[in-house]
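Grab a coffee and open the viewer. Try each exercise yourself before you read the solution under it.

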Amino acid sequence: MGSSLLEILTKKLKEAMEKKYFNVCLFFILIILISCQKPTSISKTAKITEEEINGPLLAQVDDWKFGLEDFNKSLKALEPLLKEQNITIDYNFKAKMLDELVRNAILSQEAKRRGLEEDKDIIKALKNYKHTLLAEKLKEEITKDIYITDSEVEEFYNKNKQSFKSPPQFKVREIVIDSE
């Protein structure tokens, strides 16, 4: 008897989890989600339009679309992490990342079909993610024109050395008993 698409994808996902690229894949997906999301209200009917895709269409699963420029931007954001792990961004790595994105999009569509989109925990997580995303966007907007040099940091530290010193701390325990 033949395997269903979901069984095949589940098997492939388990295989990916056993490989060293799994953590990088998860991080990559998170970066892509963050870079592609806009801090707008979450709507069940929200669909990505052609104008929202940056660059030529690279991948599409139902209403999920991903452009080449978005993919390259996400790879660029991953570069420091990949260098730490001695992973080079070559054709094979890019293919694995794109494959992982498509796989997750397919699994996401199946989850929606099963009604998991209405799960309380999912809705709560999306709300929390939205708050985090909005807070990050605001921090970015507030600090975008602030530039601090090393000499300014050193000057501030030298003027405020006392505030960086913590008072001595003691751990005191008391044993109380009824008799001496």
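Here are three exercises on this predicted model, each with a worked solution.

**Exercise 1.** Work out how strands S1 and S2 are arranged: which way do they run, and how many bridges join them?

*Solution.* Start by finding S1 at residues 57-61 and S2 at residues 64-67. The two strands run antiparallel, with 4 bridges joining them. To check the register, look across from Ala59: Phe66 in S2 stands opposite. Now look at the connection: 2 residues sit between the strands, making a hairpin. One thing to spot in that turn is Asp62, which has a positive phi of about 50°.

**Exercise 2.** Check whether the length of helix H3 fits its residue count, then find where the helix bends.

*Solution.* H3 covers residues 68-84, which is 17 residues. At 1.5 Å a residue, the span should be 24 Å. The end C-alpha atoms are 25 Å apart, so the two values agree. Next, the bend: H3 turns by about 45° at Leu78, and Pro80 follows within four residues. Leu78 is also one of the buried residues of H3, along with Asp70, Phe71, Ser74, Leu75 and Leu82. Just past the helix comes Asn86, with a positive phi near 55°.

**Exercise 3.** Decide whether Ile148 is buried or exposed, and say which residues share its surface patch.

*Solution.* First, place Ile148: look in the loop between helix H5 (120-143) and helix H6 (150-159). Its relative accessibility is 59%, and the cut-off for exposed is over 50%, so Ile148 counts as exposed. Finally, its partners: Ile146 and Val153 join Ile148 in a nonpolar surface patch, with about 300 Å² of accessible area together.

Key
Residues are numbered from 1 along each chain as its sequence is written. This is a predicted model: local features need pLDDT of at least 70, side-chain atom pairs count only at pLDDT 80 or more; totals for chains, interfaces and linings use all residues. Side-chain values use heavy atoms; hydrogens and water are left out. Two strands pair if DSSP finds at least two bridges between them. The expected span of a helix is 1.5 Å times one less than its number of residues. The bend at a residue is the angle between axes fitted to the seven residues ending there and the seven starting there. Buried means under 20% relative accessible area, exposed over 50%, partly exposed in between (1.4 Å probe, protein chains only). Patches are made of residues with over 30% relative accessible area and no salt bridge: like charges are joined within 9 Å, nonpolar side chains (Val, Leu, Ile, Met, Phe, Trp, Tyr) within 5 Å. Accessible areas come from the Shrake-Rupley method with a 1.4 Å probe; for residues, only the protein chains shown count as cover. A salt bridge is a side-chain nitrogen of Lys or Arg within 4 Å of a carboxyl oxygen of Asp or Glu.
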